[in-house]
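The following paragraphs lead through the model, beginning with a pair of helices and then turning to the chain as a whole and to selected residues. Please keep the structure in view while reading.

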Amino acid sequence: EYNPDLIGFSLDQGNENHANARLNVAISGSIAEDLPGQAWRLVDKINGHEYKDIINVEEDWKLISMWIGGNDLCEVCEGHERNTPENYIGYIQEALDILHKN
């Protein structure tokens, strides 16, 4: 059973634009390159009108899960520059930096 004080978790199925997604900004089929944009979307949602009076950004604990990598592996064989290990790490680091600083 979940803590009744938790906020932001999805209430049902649907995409990231559905009202039931709440703070779930994950997009099916994403690759590491997409993480910085998703991080900014989460920051915007947390700081937006719906949550600004609920979440104390400076004081409240936050738990963020990132599930990424499977779709990146599928594209490695295509040889795109974005699929290098350095870029993969860079996209993840950029997303983490956005979340940490904002």
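Are α1 and α3 roughly parallel or roughly antiparallel to each other? The model examined here is a predicted one. Two packed helices are described by the angle between their axes and by the distance between those axes. Helix α1 spans residues 35-47 and helix α3 spans residues 85-101; their axes come within 8 Å and cross at roughly 15 degrees. Angles under 35 degrees count as roughly parallel, and α1 and α3 are therefore roughly parallel to each other. As for handedness, the crossing in which α1 passes α3 is right-handed.

Which residues make this contact? On the side of α1, the contact is made by Leu 35, Pro 36, Ala 39, Trp 40, Leu 42 and Val 43. On the side of α3, Tyr 91, Ile 92, Glu 94, Ala 95, Ile 98 and Leu 99 take part. By residue class, the contact of α1 with α3 comprises 11 nonpolar residues, no polar ones and one charged residue. Glu counts as charged, and Glu 94 of α3 is among the residues that make the contact.

The pair belongs to a chain with three helices and zero strands, and the pattern along the sequence is α-α-α. Along the principal axes, the C-alpha atoms fill a box of roughly 45 × 30 × 25 Å. The chain has 102 residues, of which 26% count as buried. Its exposed surface is about 7,800 Å², and carbon and sulfur atoms supply 52% of that area. Among contacts in the chain with a separation of 6 or more, 51% are accounted for by residues 24 or more positions apart.

Attention now turns to the segment before α1, where Asn 20 is found. Is Asn 20 buried or partly exposed? Its relative accessibility is 23%, and buried means under 20%; Asn 20 therefore counts as partly exposed. Although Asn 20 and Ser 10 are 10 residues apart in sequence, their C-alpha atoms are 5.6 Å apart in space. When neighbours within four places in sequence are left aside, Asn 20 is in contact with Phe 9, Ser 10, Leu 11 and Asp 12.

Arg 22 also lies in the segment before α1. What is notable in the backbone of Arg 22 is its phi: the angle is positive, at about 50 degrees, although Arg 22 is not a glycine.

Notes. Residues numbered from 1 in each chain as written. Predicted model: local features only at pLDDT ≥ 70, side-chain atom pairs only at ≥ 80, totals over all residues. Heavy atoms only, no water. Axes fitted to C-alpha atoms, helices over the stretch in contact; angles between N-to-C directions. Helix = DSSP H or I, 4+ residues; strand = E, 2+ residues; numbered from the N terminus. Parallel < 35°, antiparallel > 145°, perpendicular 65-115°, else oblique. Left-handed = near helix turned anticlockwise from the far one by under 90°. Contact = heavy atoms within 4.5 Å. Buried < 20%, exposed > 50% of the residue type's maximum accessible area, 1.4 Å probe, protein only. Areas by Shrake-Rupley, 256 points an atom, 1.4 Å probe, with all protein chains shown as cover.
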